[in-house]
Amino acid sequence: MLIWIIDEEWKDYDMEKERLEARYPGVEISCSTYDYEKDLKEFGYKADGILAQVYAALPASTINQLQNCKGIAVYGGGYDRIDVQAARAKGISVTNISGYCAEDLADYVVAAMYFANKRIAQYSATVVEDSRSNRWGAMAVPFIVNRISTQTLCIAGLGVIGKTVAARAQSLGIKVIACDDFVSKEDMAALQVEKVDWEEGFRRADYVSINLKGCDENQDKISTPLLSLMKPTAWLINTSRGKVVDEAALIAAVKEKKIAGAVLDVIKTEPPTGEEPILHCPGIYVTPHVSYISVESFRALKERALENLENMLEGKPPRDLVN
């Protein structure tokens, strides 16, 4: 049996090797980078199963060369770089993993709200100038903000992660509203969340947390019509997928001071080259897609990907099938 790992993110695969070797004595485990064409021709085509990072592209041209593959297990929620239809046509199952890092994403959203509310970056950037100009304490404050506990968070997409974000925010006393076309008013009320339409949600929010699926239907869902409704003091936070935000519209909204700013852990082009305009707009703070990372989330991610792979190898229904 050959298991093929396609990844450039992680330093070791000790967990994978230990678990797979114990379950399948004699298993061969081979690793490739995203530039795997040579490896595909040399050994990848023989793989019985594939573990693929979310950034690994597996188009139909690759899938059609796989001779023995029973399943492709993706390390994460995104599977848009895999041709799932081509895989199904060859009888290859594809799985992803969602919800494993809900706590970590919720913590990031809360951290982003405090980062914005306490104006940490702004005060740090001007502290030397303020000191030299005798602006210290209240004299360094250009305007006074409201406490977090008096503010409103709008969650766009109240799925597993959105619900975790809601619970975290509510524990701080924050009013939580949400817009989600697929969750009823009654179900939201049971979570003490107020259901609103998209326009009302963006209009009322002090912070908007984007927790939408990265499907084609949500491409550029967050664009000028919604951004233009936001308060000039409001912030946008995105931990879902970069494709759901119209970056040109967001840059314009921040530059024109239609909104206060944005904290993004995901952008359209990943990994970026460093030249993307979204990385060079004052008021937009981008982190390198790290909101999901913790010791606990890594363990859960790998364990669940391996569980999915094992089920596919053994002809059992995987719990996270996407095709």
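Mentor: Before we begin, a definition: Ala, Val, Leu, Ile, Met, Phe, Trp, Tyr, Cys and Pro count as nonpolar, Asp, Glu, Lys and Arg as charged, and the others, Gly among them, as polar. Please note also that this is a predicted model.

Trainee: With those classes, how do the residues lining the second largest pocket divide?

Mentor: Nine are nonpolar, six are polar and two are charged.

Trainee: Which residues lie nearest the centre of that pocket?

Mentor: Of the 17 lining residues, Arg119, Phe143, Thr233, Trp235 and Ala260 lie nearest the centre.

Trainee: And how much space lies in it?

Mentor: The second largest pocket holds about 350 Å³.

Trainee: Changing topic, in what order do the strands of the open sheet run?

Mentor: The order is β2-β1-β3-β4-β5, five strands with parallel pairing. At the edges are β2 (28-32) and β5 (93-95), each of which pairs on one side only. On average, neighbouring strands in this sheet are turned by 15° against each other, with direction ignored.

Trainee: How many bridges join β1 and β3?

Mentor: Four bridges, in the parallel sense, pair β1 (residues 2-6) with β3 (residues 49-53). Ile6 stands opposite Ala52 of β3.

Trainee: Which strands does helix α12 touch?

Mentor: Helix α12, residues 295-313, packs on the sheet and touches β1, β3, β4 and β5. The direction of α12 makes about 175° with that of β4.

Trainee: What about helix α1, which strands does it lie across?

Mentor: Helix α1 (residues 14-23) lies across β1, β2, β3 and β4 (71-75). Relative to β2, α1 runs at about 155°.

Methods:
Residues numbered from 1 in each chain as written. Predicted model: local features only at pLDDT ≥ 70, side-chain atom pairs only at ≥ 80, totals over all residues. Heavy atoms only, no water. Pairing = 2+ DSSP bridges. Helix = DSSP H or I, 4+ residues; strand = E, 2+ residues; numbered from the N terminus. Axes fitted to C-alpha atoms, helices over the stretch in contact; angles between N-to-C directions. Contact = heavy atoms within 4.5 Å. 1 Å grid on protein atoms, 1.4 Å probe; cavity = no way out; pocket = protein on both sides within 12 Å on 5 of 7 lines; lining within 4 Å. Points joined across faces, edges and corners; volume = space filled by probe spheres on them.
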